[in-house]
Amino acid sequence: SIVVEDDRTGLSITTLKRAIADNLFYNQGKFPTIASKNDYYLALAYTVRDRLVHHWLNTVQTYLKQEVKVVCYLSAEFLMGPHLNNNLINLGIESRIRQAVEELGLDFQELVDQEEEPGLGNGGLGRLAACYLDSMATLEIPAIGYGIRYEFGIFDQEIRDGWQVEITDKWLQYGNPWEIARPEYSVQVNLGGHTETYVDRDGNYRVRWLPDRVIKGIPYDTPIVGYQVNTANTLRLWKAEAIESFNFQTFNIGNYYGAVNEKIYSENITKVLYPNDEQLQGKQLRLEQQYFFVSCSLQDMIRLHLSTGNSLDTFDGKFAIQLNDTHPAIAIAELMRLLIDERFMDWEQAWSITEKSFGYTNHTLLPEALEKWSLELFNRLLPRHLEIIYEINRRFLDRVRIKYPQDNDKLARLSLIDETGARYVRMAHLACVGSHAINGVAELHTHLLQQTVLKDFYQLFPEKFSNKTNGVTPRRWMVLSNPRLTKLICSKIGDSWIKNLDELRKLEQFVDDSAFCQQWQQIKQEVKQDLAIRIRQRTGIIVNPNSLFDIQAKRIHEYKRQHLNALHIITLYNCLKQNPNLDVIPRTFIFGGKAAPGYWMAKLMIKLINSVGEIVNQDPDICDRMKVVFFPDYNVTNAQPIYPAADLSEQISTAGKEASGTGNMKFSLNGALTIGTLDGANVEIREEVGAENFFLFGLTAAEVQQLKTKGYNPRDYYNSNPQLKAAIDLINSGFFSHGDTELFKPLTESLLNYDPYLLFADYQSYIDCQKKVSQAFRDRANWTKMSILNVARMGKFSSDRAIKEYCRDIWNVAPVPIELED
Ligand code: 26Q
């Protein structure tokens, strides 16, 4: 019989080739002869999208029909990374597509490289949201990711003369084949103005908000395909536009330019991602962004809920709303407003629904990163929400007063309003009071939360608190980024570990199999060679793939201590200069990461690394025993080939400062050994892989605390440690800065006089530990064994495990398998 495959869904090589050609002609409007690589990429992307649409529509329809409970993951950031390759892997059609592309005479990798990644996040927090969407789809958990469709994502980084230069990220300029606009589900969002009370027909006092601005939110949907399942969940991102009626009013008066201006002003809200992580900027536009996407998302949930004929009384049974840090915490006041002012529910019922719906994840202990908004700004932008927050606070403090009579300090510490100086709304307090569940992102982090920043809330509501250690998706961070290692592992233990990462344990039985170890080492060598080529292309620096690849890739921040790494490099350099024939293990030091554009110290750290590299890399005495590379524009795309190539993963933050870290997991999953402090998830990684397979150094969080209490004087360490003194003095001498003795003064002076992150206190311990690393690397057979054991014992750090815990302990949701009707 003759089988005729549909061009939109067929999977035979012939059909796929025809579909790509068809999309090129009809979507791109190009003949093959004049089509650019990007045209071919888009034709390919549409071909892949066609093949997931039925998964997507069936998923949405199943959720609606079965009236299931849905997880709504609210996040100001989703750092998704490129979609094409990920969708191919999760759909299981990678090899067919590759063959079809190659039979058309095209280079598959070249087309994949055309995709501009959606960089809609800063770092860990945004990438965690992306890993969680992947896991929820794979575990068949009904979920919607709600966020902001920034027109400009995180800036692209260039390095010029050793300094970071920021370039606008125009990710949408050639079109985005993965999103579908849904203008029919647009909503309106109010801002500014004032409130007034009125009495309704039944004699009830009501409040209405008379805003002075109204903005339209348009949803753009992207499918999130699960691995080897039919589920395709939705990422729904909101774009701000002007509402037509506003323009028309102005237009009718004859003020055409005023009308257009209004449009520009409204569209500003979703223009650009704020590129700061872990440091607060109390900017009005940022609060507008947060409220905008939160209001759009809650209105969308209410529309969905009512569309299936439900009443709002059952809202909390159908939605589990997770707050990714406090950025969306205004949702608590907004849901109250929607229920009370717009749906006329009474306060008690609205509050009960709100509390049951929300969960709050905290991602930081740094006091400077805790969000607070001045009452003045809050009142100007969200006058009704401020009233609601006052009322939440009044009722909350009444309860506190009963539990702790006559403890005014306690009340002041717990209050949603900070009145210690200029007055602020404390967003973390709002999140704690309005949520039924509060969690940290690693065991140590959760413990410290309970003992420090949220101590009073923990005493009040111990039952709300739990830990949910972060995880990463093995689909992107192993299968996609490290195909060679994936293949080797599959050849030994099959492929079910991809969905059940604990099965990596089965690799332990091969640690003494010399052929296997050989293959393992061979693969590490090959991916290091690949990275060496990329490094040469991007920086011109030639590195030795046989050297130890020592990598620190993450946002640049003082607490992450990239400059401690730099001090080790300088110390090693001094040793080699003093003792040119020293037999050392050749090392390549690789850095990657962006600095917030307004964070001068972080930018100076980048300059220092590049300046040290410039001297070290061309010093003939060093030969190729040391190379220092700053790999520019660290993002998801560039991270993918970096993790697999690491021998050593640098996780060296001051203990107690890194909430979890997730890069630490990606490195270890790809067979790097970790040099690290007892901070964040490092503690649990070490527990899992075994102390003997982890290079530990530095003070513990408790010791850091003690030292600070006792009085820390960094200059004492400088004066008493000749190696440390030599390193600092060399920087100050202008040796790395063409004789400029001033350039790095802000950095060295800060260390000598304050050193808030205790680099000097941990310096010697770090140097000694690095010596042990070098010694260990000499025994390559044993190093390989440790590398295998690291991978074999990483099962815990799958985001699948983390999501299962959220489902069980916080969301109370279960898998909903999707059947494909044909
Ligand atoms: C807040 C207000 C105004 C502007 C920007 C911000 C802002 C934006 C992003 C504040 C913080 C962030 C990002 C924080 C972040 O990435 N935290 C990291 O979260 C990871 C996932 O849990 C952890 O692994 C990291 O330890 C933590 O640093």
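Mentor: Start with the labels. Helices (H or I, at least four residues) and strands (E, at least two) are DSSP runs, numbered from the N terminus. This is a predicted model: local features need pLDDT of at least 70, side-chain atom pairs count only at pLDDT 80 or more, and totals for chains, interfaces and linings use all residues. Residues are numbered from 1 along each chain as its sequence is written.

Trainee: Which helix gives the largest share of the shell around the ligand?

Mentor: Helix α7, residues 124-138. This helix supplies 3 residues of the shell.

Trainee: Which residues around the ligand come nearest?

Mentor: A residue is near if its C-beta atom, placed from the backbone, lies within 6 Å of the molecule. Here 24 residues surround the ligand. G124, L125, D277, A659 and S660 come nearest.

Trainee: Now the sheets. What is the order of the strands in the open sheet of 6?

Mentor: Pairing comes first: two strands pair if DSSP finds at least two bridges between them. The order here is β22-β21-β20-β23-β24-β25, and the pairing is parallel. At the edges stand β22 (626-631) and β25 (695-696). Each has a single partner strand, so one side of each has no neighbour in the sheet.

Trainee: How many bridges join β24 and β25?

Mentor: There are 2, in the parallel sense, and β24 covers residues 673-676. To find the spot, go to I675, which stands opposite F695 in β25.

Trainee: What is the order in the open sheet of 3 strands?

Mentor: Read it as β15-β17-β16, with antiparallel pairing. The edge strands are β15 (372-374) and β16 (417-418), and each pairs on one side only. Between β16 and β17 (residues 424-426) there are 2 antiparallel bridges. Take D418 as a marker: its bridge partner in β17 is Y424.

Trainee: Is strand β12 mostly covered or uncovered?

Mentor: Count neighbours. A residue is buried if 20 or more other C-beta atoms lie within 10 Å of its own, exposed if 12 or fewer, and partly exposed in between; C-beta atoms are placed from the backbone. In β12 (residues 232-242), 10 of the 11 residues are buried, so read the strand as mostly covered.

Trainee: Which strands do bridges join to β12, and how many bridges are there?

Mentor: Take β4 (residues 143-148): 5 bridges join this strand to β12, and the two run parallel. One pair to look up is G147 with L237 in β12. Then take β11 (residues 213-225): 11 bridges join β11 to β12, and these two run antiparallel. I218 stands opposite K239 there.

Trainee: What do β11 and β12 form, and which residue in the turn has a positive phi?

Mentor: They form a hairpin with 6 residues between the strands. Q228, in the turn, has a positive phi of about 55°.

Trainee: What is the phi of D161, and where is its place?

Mentor: Phi of D161 is about 55°, a positive value although the residue is not a glycine. D161 sits in the loop between β5 (156-160) and β6 (163-167). With 9 other C-beta atoms within 10 Å, D161 is exposed.

Trainee: And why does N812 count as exposed?

Mentor: Because N812 has 12 C-beta neighbours inside 10 Å. N812 lies in the segment after α34 (799-811). Its phi is near 50°, again positive in a residue other than glycine.
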